[in-house]
Amino acid sequence: MAPPPPPAGPTLFLPLLLLLLLLATSTAPSAAAPEAEEFTEELLLRPLPDRKALAHFHFRSTAPPASSVGRHHHLFPKAISQLVKKYHISELELSFTQGRWNYEQWGGFDPMSTSNAKPPGVELWAVFDLPLSEIDATWKDLTHTLSGLFCASINFLESSTAVSAPRWGFKLNEGNLRYGALPREAVCTENLTPWLKLLPCRDKAGIASLLYRPSIYKGYYHSQKLKLRSSQSLGIVLDQTLTVVLQPNTISGKQLYSNHGQLQPSWSMKHLFNRKLSGKCLVSESSRIFIEVDKGIVDKVNKSGSDLSWNNEFFVLSNGPDRLIKNLNNLEVQSSSIYEYDVSNYSEEKPFDVGITWKLPLIWSCSPSPFYASRFLMGSGNERGSIALSLMSTNLHKKTFGSPNDCLIKAVIFQIVPWYVKVYYHSLEILIDGNRKTVSEVVEKIHVTPSEDKVSPGTLEMLLKFPCSMQSATLTLDFDKGFLHIDEYPPDANQGFDIPSALVSFPEFNSARNYPEIDSLLGSPLLENFQEDSVVKAYTEVLLVPLTTPDFSMPYNVITFTCTVLALYFGSLLNALRRRIGEEERELKKTTTRRGLILLVLAKLRGQKVDPIESGSSSESTGSKKLLFKVVFVAVAAVLFHYFSNSS
């Protein structure tokens, strides 16, 4: 019987086609499920009115929820991911700052000053997704971890005497926020290096390659910040920012000083950072550089009748921008203009360098906050004193609310005071334009957490309302200075003790910006942060309080003097004793040798045989006998004289 014929071609092709369709449908959802990690880098440059230049670096790393990628990361720093998961952090912000932000010259009503102007030293706050009973122990472990990660003294914030739990004065929360500050912490490259290690390209490529250490740390203001937000639905968003204020020289090398009628110093990236940009970080989704021109310059250019292009009668940019972005404030009034450059268009063969050259003298001012806040100490001596907070109006309400006199401006004050500065909160006095006001007339809401000796600091949160017509206000609080144990004094105790900066915020004023020309799909993280609702706020100075300090030099002097006397006494005594014995032995040997030689010479002359050692010994014994006889004779004579004198 003949075998059956083979099946036709279409019959074999149909099962294979069905199998491929099944595989495609089964693998398509799993391939689209995991989300990719992203990294972006941006740099904002801005000329300042006081002949300085602002540089703001912004790096964002995002990680999708852990369920989609597991514990493996390609771009996102694994150390931060482990930190968030172990300590259940929903929000965290850590800043290292050297210098103080100049709110009068550099602005106080823009997102830059609101979000990136930080107090001197270290500031750390975190919001935990934990029960309230576990937060304090978790905070302690978190400070130790961050201290090792960033090579800083953040572990000093582990103590309950250095951390507070504000409710609404700093950030509205449900009691799961902890705040701490170290005003005296020094900032150096040891803190910047681990911060750069969190970037996928570090400082070897991309915008971070501009961070030349001598150029960065010679500035007037330096603040590096790390901020992260975490949620189960969005994953982890990590923002790393570095804000520096530099003093540029002119491109020709001639330094011009601030004066009316003189040009602003022209500068470029090469002169600011001593580097040129040779392309972007290869793993970054976007790499942009912005040059922002402030509202004061925009107004001057518009008044002159020319459009704000990159080449106008006041200034010119070295490179033409890829795009011009207009910035509108919350009143829909143009506040600045931003020129955008795409770094991906450049490479090592074609490096990128952009700068600004001024054609005509131009004087402008940045938008101020509603009040300039400053803080100082009053009183003298080491027993008591007063803390004074001064607010000076900038008449911003006339531009915002028109010019009504019956309106009110609200201000929130947040202040932490160490336990050894014992503040009497009932002594609060308020002066408005030189007139004393009662507390109930000005204070709308207040929350005080009194300090406890060697346990916790004091916290003050106040919501104040001031009339719009007010020009100045002063708040004073009396305090007594406590005593510390000798072990609690730092090595430089005579320098004084620091009170962290106070935070003054204005909840009715929002510094958010609007960029109507930006497509939401192609927007940048830096400009997205500027669009977020952020309350205008300002930090005051750090106070240096002198306390009663023991004279640590007296124990040192006493110990030094005593040890010197004992060393001289015992040293001299032992020296004298050992030297006397040695001299007697040497003299005895010399005498014996001399006598032996004389006797030997005499014996040779007489023809006799004499042992010099025995002769010396015999002569010594004879001398000893004579000395002994004399001593006995003197003693007997003294006894006889005493006897006869008594008998008579």
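This passage describes strand pairing and cysteine links in a predicted model.

The model is predicted, so local features need pLDDT of at least 70 and side-chain atom pairs count only at pLDDT 80 or more, while totals for chains, interfaces and linings use all residues. Residues are numbered from 1 along each chain as its sequence is written, and side-chain values use heavy atoms, with hydrogens and water left out.

Secondary structure elements are DSSP runs numbered from the N terminus (helices: H or I, at least four residues; strands: E, at least two). Two strands count as paired if DSSP finds at least two bridges between them.

An open sheet is formed by 5 strands. Their order is 15-16-22-18-19, and the pairing is antiparallel. Strand 15 (371–378) and strand 19 (435–437) stand at the edges. Each has a single partner strand, so one side of each lacks a neighbour in the sheet. From one strand to the next, the twist averages 25 degrees. Such angles run from 0 to 180 degrees between N-to-C directions, with axes as lines fitted to C-alpha atoms, for helices over the stretch in contact. Within this sheet, strand 18 (residues 421–432) pairs with strand 22 (residues 472–481). The two are antiparallel and share 8 bridges. Glu 429 faces Thr 476 of strand 22.

Strand 7 (residues 221–231) is joined to strand 3 (residues 89–98) by 8 bridges, in the antiparallel sense. Here Gln 98 has His 222 of strand 7 as its bridge partner. Strand 7 also runs antiparallel to strand 8 (residues 235–246), through 11 bridges. Lys 227 lies opposite Asp 239 of strand 8. Strands 7 and 8 form a hairpin, with 3 residues between them.

The structure contains 2 disulfides (pairs of cysteine sulfur atoms within 2.5 Å). Counting bonded cysteines along the chain, the pattern is 1-2, 3-4. Burial is assigned by relative accessible area: buried under 20%, exposed over 50%, partly exposed in between (1.4 Å probe, protein chains only).

One disulfide links Cys 201 and Cys 281, with an S to S distance of 1.8 Å. This link is right-handed, at 70 degrees about the S-S bond. It connects distant parts of the chain, 80 residues apart. Cys 201 sits in the loop between helix 7 (189–196) and helix 8 (213–217). Cys 281 sits in the loop between helix 9 (269–273) and strand 10 (286–293). Cys 201 has 17% relative accessibility and therefore counts as buried. Cys 281 is buried as well, at 0%.

The other disulfide joins Cys 407 to Cys 468, whose sulfur atoms are 1.8 Å apart. With -135 degrees about the S-S bond, this link is left-handed. It too connects distant parts of the chain, here 61 residues apart. Cys 407 lies in the loop between helix 11 (397–400) and strand 17 (408–417). Cys 468 lies in the loop between strand 21 (458–467) and strand 22. Both cysteines are buried.

Cys 151 and Cys 188 remain to be described. For Cys 151, the closest cysteine sulfur is that of Cys 188, 7.0 Å away, which is too far for a bond. For Cys 188, the closest is in turn that of Cys 151. Cys 151 is partly exposed, at 43% relative accessibility. Cys 188 is also partly exposed, at 31%.
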